[in-house]
Amino acid sequence: MCALSSGVLSHLSLLEVKARSRKTQLQQHSRVMELKAKVEALKTQREQLKAQIQTHQDLQKLRLAMDKQCADEEEENMEEESENSKLLRLMARHTQLKDLLHAHHLIGGYDIIKTRKGKGACVSIATAYEDVFLDTFNLEIDLKPTVKISRHNIPPFIPLNNLAEQNNMQTDLRVFLDTLSKHLNAFAGRKQQLKLVKEKHKSVEVMESNVLCSLLVLLFTVPREKTAVLCTLDYTDHTRCLPTRVHLESEDKQLPDSPQWKKNCTLLMETPVHKALITMKKMGSIA
């Protein structure tokens with residue numbers, strides 16, 4: 001009885017092995033068929049791409065041939081034209097260029113690209129400070145039915161909508177762009193000055209500044225008196241790179257009113273801060 005049971009179990013194990021083997025073979029066969037189908041699809045796609053490339057090359061050759069033919073015909077026609085006709089053509093071209101230059105002058109030399117088939121325009125305003133190009137800002141302006149700004153990357157602290165209303169963008173786009181450019185260039189200039197102060201004047205500590213760079217608080221060390229001076233630069237005119245107010249504070253109450261520091265105050269009012277600090281250091285006012 002035990003031998004019979006053992007034989008049955010062996011037979012069942014053999015059947016199980018065969019079933020598994022058959023299942024594996026079927027899976028492998030299915031996978032092979034799937035891969036073959038994928039290969040065929042890729043081949044078809046390759047042939048389609050080849051056909052598209054060939055078509056594109058043929059069209060390009062045809063276009064070049066047509067352009068050459070047109071150029072040849074135009075050259076022949078120009079040779080047949082009289083001197084008067086050539087002169088008229090040059091005069092027309094000259095007038096067109098003058099109109100373009102006049103239009104460029106009217107918009108203040110800004111880069112403008114038409115969008116949406118003339119219904120809009122994209123204006124680029126580049127900023128620079130001391131001959132170094134900095135950031136470029138862009139506005140997309142709807143021209144029809146009314147002139148309005150649809151999109152832009154102007155910093156949020158620049159009062160764009162107020163400037164558009166105050167300068168009547170509807171009737172004089174150039175005045176609006178000029179005013180906006182002044183704000184952007186002044187901001188870029190103040191920001192660049194702050195960067196130069198941090199890079200070139202390690203002994204001067206920047207205590208406070210804001211995103212508009214319209215407020216700057218610096219801490220100076222006075223070497224001879226061994227005291228510190230807190231200097232506040234206030235840029236209330238946001239179209240300028242120079243401060244409108246300079247305030248000095250020190251533990252030595254008489255120091256801010258001394259002739260030397262009054263001179264420093266005037267220097268900071270009339271000179272970009274990173275340059276004023278160089279002069280103050282040379283005079284021994286700061287460390």
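A disulfide is a pair of cysteine sulfur atoms within 2.5 Å, and that rule will help us in the last view. Everything here comes from a predicted model, in which local features need pLDDT of at least 70 and side-chain atom pairs count only at pLDDT 80 or more, while totals for chains, interfaces and linings use all residues. Residues are numbered from 1 along each chain as its sequence is written, and side-chain values use heavy atoms, leaving out hydrogens and water.

**View 1. Four strands form an open sheet.** Helices (H or I, at least four residues) and strands (E, at least two) are DSSP runs, numbered from the N terminus. The strand order is 1-2-3-4, with antiparallel pairing; two strands pair if DSSP finds at least two bridges between them. At the edges lie strand 1 (111-115) and strand 4 (148-152), each pairing on one side only. Strand 3 (residues 132-142) joins strand 4 over four bridges in the antiparallel sense. Look for Glu140, whose bridge partner in strand 4 is Arg151.

**View 2. Helix 4 (residues 173-200) packs on the sheet.** Contact means heavy atoms within 4.5 Å, and helix 4 touches strand 2 (120-129), strand 3 and strand 4. The direction of helix 4 makes about 35 degrees with that of strand 2. Axes are lines fitted to C-alpha atoms, for helices over the stretch in contact, and angles run from 0 to 180 degrees between N-to-C directions.

**View 3. Helix 4 meets helix 6 (residues 273-282).** Their axes are 8 Å apart, and the packing angle is about 35 degrees. Helix 4 brings Gln193, Leu196 and Val197 to the contact, and helix 6 brings Val273, His274 and Leu277.

**View 4. Helix 6 has buried residues on one side.** Buried means under 20% relative accessible area, exposed over 50%, and partly exposed in between (1.4 Å probe, protein chains only). The buried residues of helix 6 are Val273, His274, Ala276, Leu277 and Met280. They sit on the same side because they cover an arc of only 155 degrees around the axis, taken from the directions from the helix axis to the C-beta atoms. Their cover includes strand 2, helix 4, strand 6 (215-222), strand 7 (227-234) and helix 5 (259-270). Just after helix 6, Gly284 takes a positive phi of about 85 degrees.

**View 5. Cys231 is in no disulfide.** By the opening rule, the count comes to zero disulfides. For Cys231, the nearest cysteine sulfur is that of Cys265, 6.7 Å away. Cys231 counts as buried, at 0% relative accessibility.
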